Amino acid sequence: MLADEKIIESLKSQQNRKLLGIDMESYGVMAAGSEVSAPRPEALIIKGVSDFADSAKNDAYRHYAAYTSAGILRLLVEDFGL
């Protein structure tokens with residue numbers, strides 16, 4: 001889906017001029033939520049980034065990224081009641 005240049009250009013035109021990358025799974029969840037009829041669900045994406053998806057990609061920071069994502073979710077639930 002994101003290989004479509006029209007979608008990428010549309011995202012860049014929405015004040016995302018410095019767009020470096022798009023997480024496909026997160027985009028898919030948000031896009032699906034925006035396409036359904038009422039009642040429209042609300043979604044929250046919390047994701048830790050653990051690599052640059054380049055030739056040096058590895059899993060060295062995967063557990064830390066998951067830990068920090070869980071920490072943000074815990075903060076939101078405990079401190080803000082989300």
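Leaving aside neighbours within four places in sequence, which residues is S26 in contact with? I looked it up: I45 and K47, with contact meaning heavy atoms within 4.5 Å.

**Ground rules.** I'm working from a predicted model, where local features need pLDDT of at least 70, side-chain atom pairs count only at pLDDT 80 or more, and totals for chains, interfaces and linings use all residues. Residues are numbered from 1 along each chain as its sequence is written, and side-chain values use heavy atoms, with hydrogens and water left out.

**Confidence.** I checked pLDDT, the predictor's confidence in each residue from 0 to 100. The protein has a mean of 82, and 91% of its residues reach 70 or more. Of its elements, helix 1 (residues 5–13) has the lowest mean, 75, and helix 3 (residues 62–80) the highest, 93. Helices here are DSSP runs (H or I, at least four residues), numbered from the N terminus.

**Helix 2.** S26 lies in this helix, and I find S26 buried at 16% relative accessible area. My cut-offs: buried is under 20%, exposed over 50%, partly exposed in between (1.4 Å probe, protein chains only). S34 also sits in helix 2, residues 24–35, but S34 is partly exposed at 38%.

**Salt bridges.** I count a side-chain nitrogen of Lys or Arg within 4 Å of a carboxyl oxygen of Asp or Glu. The whole structure gives three.

- K47 pairs with D23, closest N and O atoms 2.5 Å apart. This one links distant parts of the chain: K47 is in the loop between helix 2 and helix 3, D23 in the loop between helix 1 and helix 2, 24 residues apart.
- K47 also meets E25, at 3.8 Å from N to O. E25 is in helix 2 and K47 in the loop between helix 2 and helix 3, so this pair ties together parts 22 residues apart in sequence.
- R74 bridges to E78 at 2.9 Å between the closest N and O atoms. Both are in helix 3, four residues apart, about one turn of the helix. Bridges with shared partners join D23, E25 and K47 into one network.

I noted exposure too: K47 is partly exposed at 49%, D23 likewise counts as partly exposed at 27%, and E25 is exposed at 52%.

**Helix 3.** Which residues of helix 3 are buried? I get A65, S69 and L76. Down the helix axis they fall within an arc of 35° (taken from the directions from the axis to the C-beta atoms), so they line one face of helix 3. On the other side, the exposed residues include H63, Y64 and Y67. G81 follows helix 3, with a positive phi near 65°.

Notes: Helix = DSSP H or I, 4+ residues; strand = E, 2+ residues; numbered from the N terminus.
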